[in-house]
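Trainee: I'd like to learn how to read a protein structure. Could you walk me through this one?

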Amino acid sequence: KHKDGENKDKRSIYHFDLSSIDATRVVTSAILQLWIESKDDTGYPIHIHRITESWTELGVTWDNAASDFDSLESASFQAMGHKSDGKGQVIVDVASLVQEWVDGTYPNYGLMLISTSNDKESKYHSKEKDDDLKKPWLHVVTTDATVNGGYVEIAGIEDSFMDAWLP
């Protein structure tokens, strides 16, 4: 869930366990799949940043994690799903970031969504959603063709959001 504006900041965070991918493998594709429940129709992008500190789903707050991200964005997307009402699936290429996690360039603490909109809100389904198609997923293809043709589908193991109103 995101909402930017005066004292209304929210940031969604996600973590995916990549331990099943050997560190010597080359990531040829990595797609983040999110499901938008309500869209931000301002047209401003949502930026994806690498999280730089460890966190737990039940322990994360605005005060202890809102600034724990790399200032360089890893990717961005428009908060518009595939359906005519703007809801639905959005997919984002995060291959470079996933490769850096797999090869150990950076520790995998997950990713943070940061909105650039000042007055709209977009909402995303979490891992608790009862419909598997609407949960956050990371679809990874590597050069390891011996394991499922190199394809690995990873469900989010932790996700949360931070709210500036609830420090």
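Mentor: Let's go from the overall layout to single side chains, keeping in mind that this is a predicted model.

Trainee: How many helices and strands does the protein chain have, and in what order do they run?

Mentor: Start by listing the elements. Here the protein chain has two helices and eleven strands. Read from the N terminus, the order is β-β-β-β-α-β-β-α-β-β-β-β-β.

Trainee: What share of the residues is buried?

Mentor: Burial is judged residue by residue, and under 20% relative accessible area counts as buried. In this protein chain of 167 residues, 44% are buried. The accessible surface is about 8,400 Å², with 48% of that belonging to carbon and sulfur atoms.

Trainee: And what do the contacts say about sequence distance?

Mentor: Look at how far apart the partners are along the chain. Of the contacts with a separation of 6 or more, 79% are between residues 24 or more positions apart.

Trainee: Which strands does strand 3 pair with?

Mentor: For strands, ask who the neighbours are and which way they run. Strand 3 (27–38) pairs with strand 9 in the antiparallel sense, over six bridges. Val27, for instance, has Thr142 in strand 9 as its bridge partner. Strand 3 is also joined to strand 6 by six bridges, again antiparallel, and there Ile36 stands opposite Gly88.

Trainee: Is helix 2 enclosed or open to the outside?

Mentor: Count its buried residues. Six of the eight residues of helix 2 (residues 95–102) are buried, so this helix is largely enclosed by the rest of the structure. The buried ones are Ala95, Leu97, Val98, Gln99, Trp101 and Val102.

Trainee: What do those buried residues pack against?

Mentor: A set of strands: strand 3, strand 4, strand 5, strand 6, strand 7 and strand 9. Just past the end of helix 2, look for Gly104, which takes a positive phi of about 85°.

Trainee: How many aromatic pairs are there, and what is their geometry?

Mentor: With rings, check the distance between centres and the angle between planes. The whole structure holds one aromatic pair. The ring centres of Phe77 and Tyr124 are 6.2 Å apart and the planes stand at 80°, so the pair is edge-to-face. Phe77 belongs to strand 5 and Tyr124 to strand 8, so the pair ties together parts 47 residues apart in sequence. Phe77 is buried, at 6% relative accessible area, and Tyr124 is buried too, at 9%.

Trainee: How many salt bridges should I look for?

Mentor: Hunt for opposite charges on side chains; there are three salt bridges in the whole structure. One joins Arg50 and Asp70, at 3.0 Å from N to O. Arg50 is in strand 4 and Asp70 in strand 5, 20 residues apart, and both residues are buried. Arg50 has another partner to look at: its charged end sits over the ring of Tyr106, 3.6 Å from the ring centre.

Trainee: Where are the other salt bridges?

Mentor: Glu57 bridges to Lys127, with the closest N and O atoms 3.4 Å apart. Glu57 is in the loop between strand 4 and helix 1, and Lys127 in the loop between strand 8 and strand 9, so this pair ties together parts 70 residues apart in sequence. Lys127 also meets Glu128, at 2.7 Å from N to O. Glu57, Lys127 and Glu128 are thus linked in a network of salt bridges.

Trainee: Is Lys127 buried or partly exposed?

Mentor: Partly exposed, at 24% relative accessibility.

How values were computed
Residues numbered from 1 in each chain as written. Heavy atoms only, no water. Helix = DSSP H or I, 4+ residues; strand = E, 2+ residues; numbered from the N terminus. Buried < 20%, exposed > 50% of the residue type's maximum accessible area, 1.4 Å probe, protein only. Contact = heavy atoms within 4.5 Å. Areas by Shrake-Rupley, 256 points an atom, 1.4 Å probe, with all protein chains shown as cover. Phe/Tyr/Trp six-rings, centres within 6.5 Å; stacked < 30°, edge-to-face > 60°. Lys NZ or Arg CZ within 6 Å of the ring centre and 35° of its normal. Pairing = 2+ DSSP bridges. Salt bridge = Lys/Arg side-chain N within 4 Å of Asp/Glu carboxyl O.
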